[in-house]
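Work through the exercises below with the sequence and the 3D structure at hand. Try each task before reading its solution.

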Amino acid sequence: MAASEAQKKAAAKYHRENIASIACRVRKEQAEQFKAYCESQGKTSNAVLKEFVLGCINETTTEE
């Protein structure tokens, strides 16, 4: 079932207030190698980076 407009609006508000993005710039070749590494691990690049960040601050992965 597709999300209603109210659900979409609520989700957007939640993300605006509670979620932040962290980014870094690397050379294209490095990004491609990292994506290939993540794929070989059966994970997305976002999942690998999130695990690393949370590990650095001694937190466990939680779902949004």
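The exercises that follow concern a predicted model.

**Exercise 1.** Find how many aromatic pairs there are, and classify the geometry as stacked, edge-to-face or tilted.

Solution.
Step 1. The count comes to one aromatic pair.
Step 2. Its members are Phe-34 and Tyr-37, with ring centres 6.5 Å apart and 25° between the planes.
Step 3. Planes under 30 degrees apart count as stacked, so the pair of Phe-34 and Tyr-37 is stacked.
Step 4. Where do Phe-34 and Tyr-37 lie in helix H2? Helix H2 covers residues 28-40, and because the two are three residues apart in it, about one helical turn separates them.

**Exercise 2.** Decide whether Phe-34 and Tyr-37 are buried, partly exposed or exposed.

Solution.
Step 1. Buried means under 20% relative accessible area and exposed means over 50%, with partly exposed in between.
Step 2. Phe-34 has a relative accessible area of 28%, so Phe-34 is partly exposed.
Step 3. Tyr-37 has a value of 43%, so Tyr-37 is partly exposed.

**Exercise 3.** Describe how H2 and H3 cross, and list the residues through which they meet.

Solution.
Step 1. Helix H3 is made of residues 45-56, and its axis comes within 9 Å of the axis of H2. The two axes cross at roughly 90°.
Step 2. Angles of 65 to 115 degrees count as roughly perpendicular, which makes H2 roughly perpendicular to H3.
Step 3. From H2, the residues Phe-34, Tyr-37 and Cys-38 meet Ser-45, Val-48 and Leu-49 of H3.
Step 4. Sorted by type, the residues of this contact are five nonpolar, one polar and no charged.

**Exercise 4.** Find how many disulfides there are, and explain the result for Cys-56.

Solution.
Step 1. A search of the whole structure gives zero disulfides.
Step 2. For Cys-24, the nearest cysteine sulfur belongs to Cys-38 and is 11 Å away. Cys-24 is exposed, at a relative accessible area of 65%.
Step 3. A disulfide needs two cysteine sulfur atoms within 2.5 Å. The closest cysteine sulfur to that of Cys-56 is in Cys-24, at 13 Å, so the distance is too far for a bond.

**Exercise 5.** State the sign of phi for Asn-58, and where Asn-58 is placed.

Solution.
Step 1. Phi of Asn-58 is near 55°, a positive value in a residue that is not glycine.
Step 2. Asn-58 sits in the segment after H3.
Step 3. With a relative accessible area of 70%, Asn-58 is exposed.

Technical notes: Residues are numbered from 1 along each chain as its sequence is written. This is a predicted model: local features need pLDDT of at least 70, side-chain atom pairs count only at pLDDT 80 or more; totals for chains, interfaces and linings use all residues. Side-chain values use heavy atoms; hydrogens and water are left out. Rings of Phe, Tyr and Trp (its six-membered ring) pair if their centres lie within 6.5 Å; planes under 30 degrees apart count as stacked, over 60 as edge-to-face and the rest as tilted. Helices (H or I, at least four residues) and strands (E, at least two) are DSSP runs, numbered from the N terminus. Buried means under 20% relative accessible area, exposed over 50%, partly exposed in between (1.4 Å probe, protein chains only). Axes are lines fitted to C-alpha atoms, for helices over the stretch in contact, and angles run from 0 to 180 degrees between N-to-C directions. Angles under 35 degrees count as roughly parallel, over 145 as roughly antiparallel, 65 to 115 as roughly perpendicular and the rest as oblique. Contact means heavy atoms within 4.5 Å. Ala, Val, Leu, Ile, Met, Phe, Trp, Tyr, Cys and Pro count as nonpolar, Asp, Glu, Lys and Arg as charged, and the others, Gly among them, as polar.
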